[in-house]
Amino acid sequence: MDLGLRGRRALVTGAGKGIGRSTVQALHALGVRVVAVSRTQADLDSLVREPFLEVTKEACDRSFDVNLRAVIQVSQIVAKSLVARGAPGAIVNVSSQASQRALANHTVYCSTKSALDMLTKAMALELGPHRIRVNAVNPTVVMTTMGRKNWSDPQKAEVLLNRIPLGKFAEVENVVDAILFLLSDRSGMTTGSTVPVDGGFLAS
């Protein structure tokens, strides 16, 4: 299916690894002119163990900086440019199933991803009149290098896999395909949505 993205421009954050890197490669293959942005600090948004009673101010600030504030600031730059030029656009945020289902020992991560979902909706509401669509993808555990490392323990993985009707975690290309669809005109009437890529986890 031709998504009609050839010749367009895209900015991809988190492009150094995982979903971001694969999204850059997929967009480039479709003829999109891509600007890739990557952090040099490793795995700030990793699923570290963070029991509620042990959450520190530093961990909270760091996670909100990466998962929310950075999204706001980068999106403002992009959206202001689009509005000034009168150009339509599409923004896709990478959220998580953890935004809608609490996971033990992931207090701040769940909280920041939930905030990102609401930010997505608020942005869609305000930017819609400017022909800018804003959506999010909400994957389950994704088998990136980090995902394999964090979920390599069969006992830990089994607890979550038992709640996924398809019985498996997502591959990177599953998430990239959803992102490409939401960037394309094929999803021209979709905005303010959080799209699960979770094998049915949120339906269970």
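**Rings**

I began with the aromatic rings of this predicted model, and by the pairing rule I applied, the count came to one aromatic pair. I then looked for charges placed over rings, and found that the charged end of K156 sits over the ring of W151, at 4.4 Å from the centre of that ring.

**Nonpolar core**

Next I turned to the interior, with the general expectation that nonpolar side chains in soluble globular proteins tend to be buried together. The largest nonpolar core has 23 residues, and the members that touch the most other members are L27, V137, V175, I179 and L180. I asked myself which elements give two or more residues to this core. They are β1 (9-13), α1 (18-29) and α6 (172-183), and of the elements it is α6 that gives the most, with eight residues.

**Nonpolar patch on the surface**

I also checked where nonpolar side chains come to the surface, and noted a patch formed by L11, V35, V37 and V74, whose accessible area together is about 280 Å². I followed one of these residues further: V37 belongs to strand β2, which covers residues 33-37. Is V37 exposed, partly exposed or buried? Its relative accessibility is 37%, and because the partly exposed class runs between 20% and 50%, V37 is placed in that class.

**Salt bridges**

My next entry concerns charge pairing, which in general can arise when side chains of opposite charge bring their charged atoms close. How many salt bridges does the structure hold? I recorded four, and I went through three of them by name, beginning with the pair that spans much of the sequence.

In that pair, the side chains of D185 and R8 meet with an N to O distance of 2.5 Å. The bridge links distant parts of the chain, since D185 is in the loop between α6 and β5 (194-197) while R8 is in the segment before β1, and the two are 177 residues apart. I compared how open the two partners are: D185 counts as exposed at 53% relative accessibility, whereas R8, at 31%, counts as partly exposed.

The other two entries are both in helix α2. In one, K57 and D61 form a salt bridge in which the closest N and O atoms are 2.6 Å apart. Both residues lie in α2 (residues 57-85), with a spacing of four residues, or about one turn of the helix. K57 has a relative accessibility of 60% and so counts as exposed, while D61, with a relative accessible area of 35%, is partly exposed.

In the other, the side chains of D65 and R69 meet in a salt bridge at 3.0 Å, N to O. Why are D65 and R69 separated by about one helical turn? I note that this is because they are four residues apart in helix α2. Here I found both partners to be partly exposed, with 32% relative accessibility for D65 and a relative accessible area of 41% for R69.

**Backbone angles**

I then looked for positive phi values outside glycine, bearing in mind that most residues other than glycine have a negative phi. N105, which is not a glycine, has a positive phi of about 65°. I located N105 in the loop between β3 (89-94) and α3 (107-127), and I recorded it as partly exposed at 26% relative accessibility. R131 is another residue other than glycine with a positive phi, near 65°, and I placed R131 in the loop between α3 and β4 (132-139).

**Two distances between C-alpha atoms**

Finally I looked up two pairs of residues for their separation in space. How far apart are the C-alpha atoms of S204 and I164? The answer I noted is 7.1 Å, for residues that are 40 apart along the chain. S204 is in the segment after β5 and is exposed, with a relative accessible area of 54%.

For the second pair I took V78 and E54, which are 24 residues apart along the chain and whose C-alpha atoms are separated by 37 Å. V78 is in helix α2, and at 27% relative accessibility I entered V78 as partly exposed.

Notes:
Residues numbered from 1 in each chain as written. Predicted model: local features only at pLDDT ≥ 70, side-chain atom pairs only at ≥ 80, totals over all residues. Heavy atoms only, no water. Phe/Tyr/Trp six-rings, centres within 6.5 Å; stacked < 30°, edge-to-face > 60°. Lys NZ or Arg CZ within 6 Å of the ring centre and 35° of its normal. Patch = residues over 30% accessible without salt bridge, like charges linked within 9 Å, V, L, I, M, F, W, Y side chains within 5 Å. Areas by Shrake-Rupley, 256 points an atom, 1.4 Å probe, with all protein chains shown as cover. Buried < 20%, exposed > 50% of the residue type's maximum accessible area, 1.4 Å probe, protein only. Core = buried A, V, L, I, M, F, W, Y, C linked by side-chain atoms within 4.5 Å.
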